[in-house]
Amino acid sequence: AEFTASGLASVVLQAGTSDGMSPVAADKVTVDYTGWTTDGKMFDSSVSRGKKATFPLNAVIKGWTEGLQLMYAAWSFGFTVAPREYLAALETSDKSSRISLPGMLVFDVELFSIQATPKPPPVPEDVAGVPENAEVTASGLASRVLIEGVGETRPSASQTVTVNYSGWTLDGELFDSSIPRGQPISFPLNRVIKGWTEGVQLMVVGESRRFWIPAELAYGNNPPPGAPAGMLVFDVELLKIS
């Protein structure tokens with residue numbers, strides 16, 4: 001067996017193509033697995049259920065997060081997870097039905113596929129301030145179209161929209177983005193910051209637009225804890241109006 005510094009032990013049961021891709025902690029993986037206690041008792045198995053498991057690699061026990069990053073697609077590994085008390089059920093989000101097991105655990109894992117997490121978007125070249133080619137409304141909201149959309153239908157403030165977005169402070173710090181999560185967000189347009197309520201109403205489906213939102217239309221200069229201060233820059237892609 002090979003040992004890592006954390007105490008995780010593993011052995012390759014079946015080698016895949018080592019020129020393939022290994023997952024990183026933020027990726028989703030699809031696996032078959034079986035887990036035993038060291039006295040040989042099987043406590044969980046996707047093989048027995050006949051259903052592979054898919055999950056974000058950073059949302060499972062530490063030994064899995066570390067161990068699967070050693071693997072390539074189509075590899076089978078045997079893991080020995082260092083002695084600790086771990087939650088061993090992997091597929092359920094219902095904490096009441098998870099299995100709590102003490103001591104060292106042994107897993108056979110076959111890695112079938114890796115769904116890579118999208119990379120964060122690059123910092124816009126004009127993030128530091130409103131460019132000359134931006135349109136500015138009476139409220140001070142500035143924007144410019146990045147990609148033209150289709151049709152003429154624009155959302156009203158009372159409608160729900162589905163978007164992809166990324167937000168930066170003026171120094172280029174990315175503070176939020178739906179892109180790395182790989183999941184667009186839907187919300188009523190009248191329940192977000194004023195700059196979004198006003199700005200997204202300028203858009204049509206399929207359009208991508210960059211906004212420079214003044215502090216008074218965002219979270220202010222003294223925002224609540226966790227919110228960014230001052231003018232904010234957002235790239236927004238409007239996917240759906242409902």
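Start by selecting Phe107: with a relative accessibility of 0%, this residue counts as buried, since buried means under 20% relative accessible area. Keep in mind as you look around that this is a predicted model.

Now add Trp64 to your selection. Its rings and those of Phe107 are a pair: the centres are 5.2 Å apart and the planes stand at 85°, so this is an edge-to-face arrangement. Colour the chain by secondary structure and you will see Trp64 in helix H2 and Phe107 in strand S9 (residues 105-115), so the pair links distant parts of the chain, 43 residues apart. Is Trp64 buried or exposed? Trp64 is buried, at 0% relative accessibility.

Stay on Trp64 and show Tyr33 as well. The structure holds 8 aromatic pairs, and Tyr33 with Trp64 is one of them: the ring centres lie 5.4 Å apart and the planes are at 85°, so this pair is edge-to-face. Tyr33 sits in strand S3 (residues 28-37) and Trp64 in helix H2 (residues 62-68), so the pair ties together parts that are 31 residues apart in sequence. Tyr33 is buried too, with a relative accessible area of 1%.

Next, widen the view by adding Phe43 and Phe55. Together with Tyr33, Trp64 and Phe107, these residues form one aromatic cluster.

For a ring with a charged neighbour, pick Lys52 and Phe112. Lys52 lies over the face of Phe112, at 4.6 Å from the ring centre.

Time to visit the largest nonpolar core, which has 19 residues. Select Val163, Trp196, Ile213, Phe234 and Val236, the residues with the most contacts inside this core. Then switch on the ribbon: strand S12 (160-169), helix H3 (194-200), strand S15 (208-213) and strand S16 (232-241) each supply at least two residues. Which of these elements gives the most to the core? Strand S16 does, with 5 residues.

Zoom in on Phe234 and show what surrounds this residue. Leaving aside residues up to four places away in sequence, Phe234 touches Tyr165, Ser166, Gly167, Phe175, Ile193, Trp196, Arg209, Arg210, Phe211 and Ile213.

For the last stop, select Leu57, Ile61, Trp75 and Leu111. These residues are among the members of a second, separate core of 18 residues.

Note on methods. Residues are numbered from 1 along each chain as its sequence is written. This is a predicted model: local features need pLDDT of at least 70, side-chain atom pairs count only at pLDDT 80 or more; totals for chains, interfaces and linings use all residues. Side-chain values use heavy atoms; hydrogens and water are left out. A nonpolar core is a set of buried Ala, Val, Leu, Ile, Met, Phe, Trp, Tyr and Cys residues joined through side-chain atoms within 4.5 Å. Buried means under 20% relative accessible area, exposed over 50%, partly exposed in between (1.4 Å probe, protein chains only). Helices (H or I, at least four residues) and strands (E, at least two) are DSSP runs, numbered from the N terminus. Contact means heavy atoms within 4.5 Å. Rings of Phe, Tyr and Trp (its six-membered ring) pair if their centres lie within 6.5 Å; planes under 30 degrees apart count as stacked, over 60 as edge-to-face and the rest as tilted. A charge sits over a ring if NZ of Lys or CZ of Arg is within 6 Å of the ring centre and within 35 degrees of the ring normal.
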